[in-house]
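Open the model in your viewer and keep the sequence panel beside it, since each stop on this tour asks you to select something and then look at what surrounds it.

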Amino acid sequence: MSAPHAPAAFEESRRRAHAALRAGQAATAERALRQLLQHSPGDANCEWLLGAALLDQEQLPESIATLERLLERTPDLADARVDLARAYRRDSRFEQARTQVRRVLEKTPHHHRAWLAYGDVLVDLEQYPDAQVAFERARLTDSYRQRTEEATAALVADDRKKSEALFREILTRDAAHVAALAGLAALSLAADVPRDAERLLRHALKQSAHSPLAWRGLAQALLAQGRLEEALAAAHHGVRLEPKNPHSWITIAGVSTRLMRQDDALTAYQQAAQLQPPDVRLRLSIGHVQKTLGKRPESEASYKAALELDPGFAEAYWSLADLKNYSFSAAEVATMEQLLASDKRGRTNEAQLHFALGRACEQHQQYPQAFAHYAQGNALKRLDTPFDIEHFERRSARIRAFFDETFFAARAGAGDPNAAPIFIVGLPRSGSTLVEQILASHSRVEGTMELPNIVALANEFDDLVPGRDGYPETLRGASGAQLAALGARYLAQTAPLRGGRERFTDKLPNNFSHVGLIHAILPHATIIDARRHPMDSCFSTFKQHFAQGQAFSYDLQDLGRYYRCYLALMDHWDCVLPGKVLHLQYEELVRDPETHIRRLLAHCGLPFEAACLAFHETKRSVRTASAEQVRQPLYTSGVGYWRHFAAELEPLGHALGDSLQRFAD
């Protein structure tokens, strides 16, 4: 043998080819292995790896032939027989696959990959209980089991740095380790990088096509990307794999919620609760879906059931407060105060208690005490969710500079021509849910919810540069055809949320920053700005405990500056896209509904329908903090409500500055 292929060099080359294969680089591995086999024909390990590389490239006939020839000569090469079983399975020869993997397990009962392959083929044969046993045996025979369990424990404890280090350590040694890939994918999801999570999980599923862990993660990754029907299919497959795992049902519930199939979500949560009765969060989730469905008494009962399971569970108290018309008893107030004194359980729990007590004090017109609780709750939230208002101001200025008249003139006629979407933008707690409910009462309009698709698209443009801050400038290179494709993609992603009506709403308030992007990809979409007096709008936001996504709301100064950015952007859109956005003032709408509802419908190109005046009678799911209010007739008690807190809100007034002069008192 020549010097380059002396035994040590040969082994190193084969090791590298194996590593490339495990890392998903099957073509690279194939080339290297064919070169090695030219120098050492008949090398059993190289032939095995070549068969596996061909399998990973879906070259099934050649893969099967290679592995069959090899096993005729070396029948005890267990890894090759496992891959032959995988190839048979991929070729839908399930019984042959089962026979091959059983031969391995009879002689080598601790063969980790064999158990994974056995689980896969048993799923294909619809022998799900036996498949669950096989996957559990795979977990128990994993040589990296201890490290995987340590990494998973760190992930559960939110020690992401430690968890990532441990998972990466495993993948350095085995780049195709299914559990480590799934764990790293979970970290990618937590870091809001779902495309990376999907890539990792797809690689895991190449190793084990029906890994329950990987399918559960894949459903979450697809959901985070707005690929809802795919996510639901993945979630249902997860339930077939693990029907008695509550997490499988929770995944279905989460996807069904996003698909606005709230009855399905409720059924799935209830199924999970039967499997895991003491889980307090399941009771809470059931209550949230019941609230969305307008089942007010049932929702309240579920929140109280959660408190029966855990009397110190602050999120249940806040959920009761967020019913808006729930009145806390003196005993409940005393319990919350006692919990603050003796059982805070961390900042999140403490913050929720403060928000709930703030609402209780408000109900009794104890305004200074209410504000003190809101201020403390927001201060705690800000510690965990800091917001860089200066970065947001700079970004807003960049958006205004980028989306100028020249930008739109150069792209006239670009984008998808579909006129179905009606975007409702603004700030939270400013009437966007009310506007959506009015529109959803029209026979031609489908009311959806706060859709994340436009923000996700902006994030994709952010990700095109290091530091993930490329938007909006990275949009400059998009051609007219690409803009049209992005508009079509948005329509395809939101299609599962729509019924047979020709128009539909997307009411994510934060899209006010993205009016330019919306117009570029969907130039005929309608845009409504739901606007409210800044003092009422900002204070209503300040006293709302948001689950996520509104980090600017935890500080009065930030709120005021954020509102000014919003006004500046809306003024800019009026300049560069005159007439594009209808500004609908909340105070005017509640004082003279018919006039402004007619104006709203006219802007949307819709004929007037009386049902829009009786919007509170429309039966539909509502997921936002205003779910209870939009099921009532219009009322004006919220106008000027901030004056009860005028002294405490002086910092907000200073931050808003001269923008207040634009609004009538």
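Begin with F392, which you will find in helix α23, residues 389-402, and bear in mind throughout that you are looking at a predicted model. Is F392 buried or exposed? Its relative accessibility is 12%, and because buried means under 20%, F392 counts as buried. Now show the residues around F392: leaving aside its neighbours within four places in sequence, F392 is in contact with F387, F512, S513, Y562 and C565. One of these partners deserves a distance label, for F392 and Y562 are 170 residues apart along the chain, yet their C-alpha atoms are separated by 7.9 Å.

Keep Y562 on the screen and select N510 next, in the loop between β3 (503-506) and α28 (515-521). N510 has a relative accessible area of 16%, so this residue too is buried. Which residues does N510 contact, beyond its neighbours within four places in sequence? They are G426, G549, Q550, F552 and Y562, and Y562 is also among the contacts of F392.

From here, turn to the nonpolar cores. The largest of them has 181 residues, and those with the most contacts inside it are F328, F403, L475, F512, L517, W573 and L649. Colour helix α30, residues 556-576, to see the element that gives this core its largest share, 11 residues. Then select W573 and display what it touches: not counting residues up to four places away in sequence, these are I399, F403, F408, F512, S513, V515, G516, P578 and V581. A second core, separate from that one, has 21 residues and includes I424, Y586, L589 and V590.

The next selection is a whole helix, α25, which spans residues 432-440. How many of the residues of α25 are buried? The count is 9 of its 9 residues, so that α25 is described as mostly covered; the buried residues are S432, T433, L434, V435, E436, Q437, I438, L439 and A440.

Now follow the chain to the loop between α26 (453-462) and α27 (480-494), where P472 lies. Show the backbone here, for the peptide bond from Y471 to P472 is cis, with omega near 10 degrees. R468 has its place in the loop between α26 and α27 as well, and its phi is positive, about 55 degrees, although R468 is not a glycine. With 39% relative accessibility, R468 counts as partly exposed.

A positive phi can also be found at D192, where the value is near 60 degrees in a residue other than glycine. Look for D192 in the loop between α11 (178-190) and α12 (194-207); its relative accessible area is 47%, and D192 is partly exposed.

While α11 is in view, add helix α13, residues 212-224, and look along the pair: their axes come within 10 Å and cross at roughly 25 degrees. That angle makes α11 roughly parallel to α13, and the crossing of the two is left-handed. To see where they meet, select A179, A182 and L189 of α11 together with L213, G217, Q220, A221 and A224 of α13. Sorted by class, this contact of α11 with α13 has 6 nonpolar, 2 polar and no charged residues.

For a second helix pair, select α18 (residues 296-309) and α19 (residues 314-321), whose axes come within 9 Å and cross at roughly 160 degrees. Here the angle makes α18 roughly antiparallel to α19, and α18 passes α19 in a left-handed crossing. The residues in contact are E300, Y303, K304, A306 and L307 of α18, with A316, Y317, S319 and L320 of α19. By class, the contact of α18 with α19 has 6 nonpolar, 1 polar and 2 charged residues.

The last stop is L33, found in helix α2, residues 26-39. L33 is buried, with a relative accessible area of 0%, and it touches A17, C46, L49 and L50, not counting residues up to four places away in sequence. Finish by drawing a line from L33 to V576, 543 residues apart along the chain, whose C-alpha atoms are separated by 60 Å.

Note on methods. Residues are numbered from 1 along each chain as its sequence is written. This is a predicted model: local features need pLDDT of at least 70, side-chain atom pairs count only at pLDDT 80 or more; totals for chains, interfaces and linings use all residues. Side-chain values use heavy atoms; hydrogens and water are left out. Axes are lines fitted to C-alpha atoms, for helices over the stretch in contact, and angles run from 0 to 180 degrees between N-to-C directions. Helices (H or I, at least four residues) and strands (E, at least two) are DSSP runs, numbered from the N terminus. Angles under 35 degrees count as roughly parallel, over 145 as roughly antiparallel, 65 to 115 as roughly perpendicular and the rest as oblique. A crossing is left-handed if the near helix is turned anticlockwise from the far one by less than a right angle, and right-handed if clockwise. Contact means heavy atoms within 4.5 Å. Ala, Val, Leu, Ile, Met, Phe, Trp, Tyr, Cys and Pro count as nonpolar, Asp, Glu, Lys and Arg as charged, and the others, Gly among them, as polar. Buried means under 20% relative accessible area, exposed over 50%, partly exposed in between (1.4 Å probe, protein chains only). A nonpolar core is a set of buried Ala, Val, Leu, Ile, Met, Phe, Trp, Tyr and Cys residues joined through side-chain atoms within 4.5 Å.
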